[in-house]
Amino acid sequence: MMPKLFAAFLCLSMFGASAAVMAQEQAVKPAPQPAAAVASPQAQAAEQLEGARKNLARLTDQTKNANDDDSRLAELKVEVDAAAKQIISISVATRPRLDEIKARLTELGEPPAEGAPPEADVVGQERKRLLAERGEINALTGTAEDLSVQATKLSNGITATRRALFSNTLLKHTDINGSMVMDAIASLTLERQAFTRTVGSWLTFAWNFKRLQLLSALFLSLCAALVLLGCMRKLFFPLIHRELLSEEPGYITRLSVAFWSTMIPTFAMGAFAATSYFFLQVFKVLRPDIAPIISATLAVSVVLVFVSALSNAVLAPKQNTWRLVRVSDHGARLLAWSIFAMALVNVLDYVAGTISEVMGSPVVFTVVKSLIATIIIGLILMAMSLIKPIVPAGETLDGQGRPWPRAVKLLFVLTGVTLIIATLAGYVGLARFIATQIVITGAIVVTMYIGILTGKAVAKQNALADTVVGRYLEKRFGMEQVALDQTGLAAGLGIYMLVVLFFIPLIMLQWGFQIADIEAWAYRIFTDINIGSIKISIVGILAGILLFAGGYVVTRWFQRWLDGNVMARSRVDTGVRNSVKTGIGYLGIGLAGLIGISAAGFDLSNLALVAGALSLGVGFGLQNIVSNFVSGLILLVERPFKVGDWVVTGTTEGFVKRISVRATEIETFQRQTIMVPNSLFINASVGNWTHKNKLGRSDIPVTVSYSSAPRQVMDTLLQIAATHPLVLKNPEPQAVFTAFGDSTMTFELRVYLADIVNGNGVRNDLRLAIYERFKDEGLGAPFPKEELEPEPLPPGPESDAMALQAEAAGPAEITSSPVEAFKRSGTQRRPRRVTVDGAAEKD
Amino acid sequence: MKTFVSAWVLTVMMTLPAWSATVTNKDADAAVLVVVEGESRMEVAISAGGTESICPSGCFITTPSGDRIGLQGDETIEIHNGSAVVK
């Protein structure tokens, strides 16, 4: 599973990289010159300019023809803008040649002044030729300039036309009077006849000559829709199934059921409409006069399904436990009906408009139809204000509701009245637009809102685990709580994305934007955002991030491979292994970062400037960080210690756990982790108990009274040391008479151990043995306890350890037996012992 | 931390490519360029040693030497002896 994923990721990142590179190349060289045409770039440029001129002329013609077609105009504008860009790039391509000419002309120098000796003929001719060529290029660029101005003018003209078109459609005024209504009624019969004739003849034609195609198109599209519906229902069953529950289902469940039970039928219906239109078109069943009517009918049925599915999902008139808004049963039913009626009237108006357009009926007829539709919608809105859907808190939903709050009621009435007044005053287009927006945009906004609420609810902590889907995932894939939570977050974000990416363009389409506009915007947002004079490309940045992630993964993989396969088998020292591994890690990440930054479009050459500016900052503020960083690199190369070594520096002592680039992690014997900045290891002396080997000396001071014979004491000590299995024979143990005290003699037993880490255990054993042997042999005499003034120990693990050891040594006899002195004063000559004691606790 | 962040932001801002053509006049006299951008044709005077940002989205310029040059909009141009050198 992992390797596949990895491979897929790699492919993707490669693809992203190559796409970015290609995009960059395209940006840099928009007009590549074929090798054959290098001889005369001017001719080629002239040819391209001629092509551009023709293209522009064609676009101008098309613009004139499509003066009242908004969507065509939007597409044309995109083409014109592209043409303008192309014209500039054609002239940019002539620039290198111009530079060459200029350079050569400078080399040739000025023509000789009058009276001066004439120059060589060859030079004069070359200069003439070059000047001619320069003039040619300048003329070409001049043409390009004119063309570019023309293209910009055309583009601006299209924008102006579209703006005028939009305001014309919306604010067109028609006089509503009796004669107009009469005209409309007269054309009604005509249109009905024409419609029946057209549809009848098409049906006859289709049935007689294209029966198979018609039926198969219908069959195929039905199949497609059914398969889609079936699959989605199966896939999303837990999401859209409304169980008959006695109690209210959870909020998320209700939300997501509402969202998906709106989306899924709409998608299925959309698929049916699209496929059936596609198949009818492919099988050539449609005729030009019938195609617009069919397409309008299919489109409005999708809208109708969407609106009714949505109102059904939100209001749930039949299952009040699933209702999203708190309204009474009766009110929900009435509201659902009125919304459906408004949508129906609206879509019928659109279909009727399309029919009139196709049949070539007079415009007044369309106007009158829209007028009637708008008045009906206005009346429905006013009637909706009379519904009593509000249920006070504490009452059941099946009871009698209360009327709307006054503000809502007023809003309904006012909107209805505005619609009716506007349409009667002659602004039918505006009224129709508002009516459509109320129904369709309203529905889309409500769906968006539900979608966003669903996303928010799903993304909440541990929200997914409580839902049907969460339980299913838990059961099916055995997902843990954390994984479920993360899935919930991802799902929530996914729903947000879906909602924003799908519905916002839909609303924009509603408001008269064309698909070409939205595409151009989306393209611009993803490729170049200009802030002042800075240009940001989201695609480039994403490609950069992707490349960095790819580089990171590759580095980690290479590190593991090198460490596990190559270095482990070639028996390389662990320190070297660690250094190489760390070094490769930093190198790889640095490289990946550089590649990512370059791919994201950052100019690294500017970095030099910044580095110069920052060096001052580094001198003051960042010098510690930089010095630690450099020290880390030195540590990696020099390797004064490796992971697992027992090191002492300053006040810190312990085992090295990890060497990273800024600080080194040291674990003390009390298991406290200390981060020691690397510069400390470089600037101060570092003690390493286990640098080359683990051999080390351990000392045990022994204090006896003057009544003992020193030689016997030393012999006994050596004998004791020789019997311990961990004490090395070579270098052999030593017993030394170190000091005369006031009432005691101090000896020291020095033993060498193969592994100094074991020191404390060994010392403990030896001390016990010394105590027992000395007691048996009557060596040493105790000095009174009051004379011994042990150095007070600070409370903590060490003093605890002392207490423990004292206990182990024997509770009562301590005063009447040889005593080991624990001298911890700074005057002692031997290495610090504190740590060795600490190590014992570790063991 | 604040210093760090501002240094970082500064770095990012500096490394971001500038996306309008930058014209620097290296001559001793002021140079007058004719810039055709979009529908408009305008004259831009650049004082001696001065730098000017023009046309972020592509344009044509006519240099004092009489040469016409098409610009993509991301070039750096220097004017030497009245003629433009595109870097």
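How many bridges join strand β3 of chain A to strand β4 of chain A, and do the two run parallel or antiparallel? Four bridges join them, and the strands run antiparallel. This is a predicted model, and the tour below starts with chain A as a whole before turning to its strands and then to those of chain B.

**Chain A at a glance**

- Chain A holds 26 helices and 10 strands.
- Of its 843 residues, 29% count as buried.
- Among the contacts in chain A with a separation of 6 or more, 75% are between residues 24 or more positions apart.

**Paired strands in chain A**

- Strand β3(A) covers residues 646–649, and its partner β4(A) covers residues 652–659.
- Within this pair, you can find Thr649(A) opposite Thr652(A).
- The hairpin of β3(A) and β4(A) has two residues between the strands, and Gly650(A) takes a positive phi near 55° there.
- β4(A) also pairs with strand β5(A), residues 663–667, in the antiparallel sense over four bridges.
- To locate that second pairing, look for Val656(A), whose bridge partner in β5(A) is Ile666(A).
- Three residues make up the link in the hairpin that joins β4(A) to β5(A).

**The open sheet of chain B**

- In chain B, four strands form an open sheet with mixed pairing, in the order β4-β1-β7-β8.
- The edges belong to β4(B), residues 51–54, and β8(B), residues 83–86; each has a single partner strand, so one side of each is left without a neighbour in the sheet.
- From one strand to the next, the twist averages 25°.
- The edge strand β4(B) is joined to β1(B), residues 21–25, by four bridges, and the two run antiparallel.
- A handy marker for this pairing is Thr22(B), with Ser53(B) in β4(B) as its bridge partner.
- As a general reminder, strands of a sheet pair through backbone hydrogen bonds, in either a parallel or an antiparallel way.

**The β2–β3 hairpin of chain B**

- Seven bridges join β2(B), residues 31–37, to β3(B), residues 40–46, and these strands run antiparallel.
- Glu37(B) stands opposite Ser40(B) of β3(B).
- Two residues lie between the strands of this hairpin, where Gly38(B) takes a positive phi near 65°.
- Is β3(B) well covered or hardly covered? It is hardly covered, as the count of buried residues among its seven residues is zero.

Conventions
Residues are numbered from 1 along each chain as its sequence is written. Chains are lettered from A and ligands numbered from 1 in the order in which they are written. This is a predicted model: local features need pLDDT of at least 70, side-chain atom pairs count only at pLDDT 80 or more; totals for chains, interfaces and linings use all residues. A residue is buried if 20 or more other C-beta atoms lie within 10 Å of its own, exposed if 12 or fewer, and partly exposed in between; C-beta atoms are placed from the backbone. Two residues are in contact if their C-beta atoms, placed from the backbone, lie within 7 Å. Two strands pair if DSSP finds at least two bridges between them. Axes are lines fitted to C-alpha atoms, for helices over the stretch in contact, and angles run from 0 to 180 degrees between N-to-C directions.
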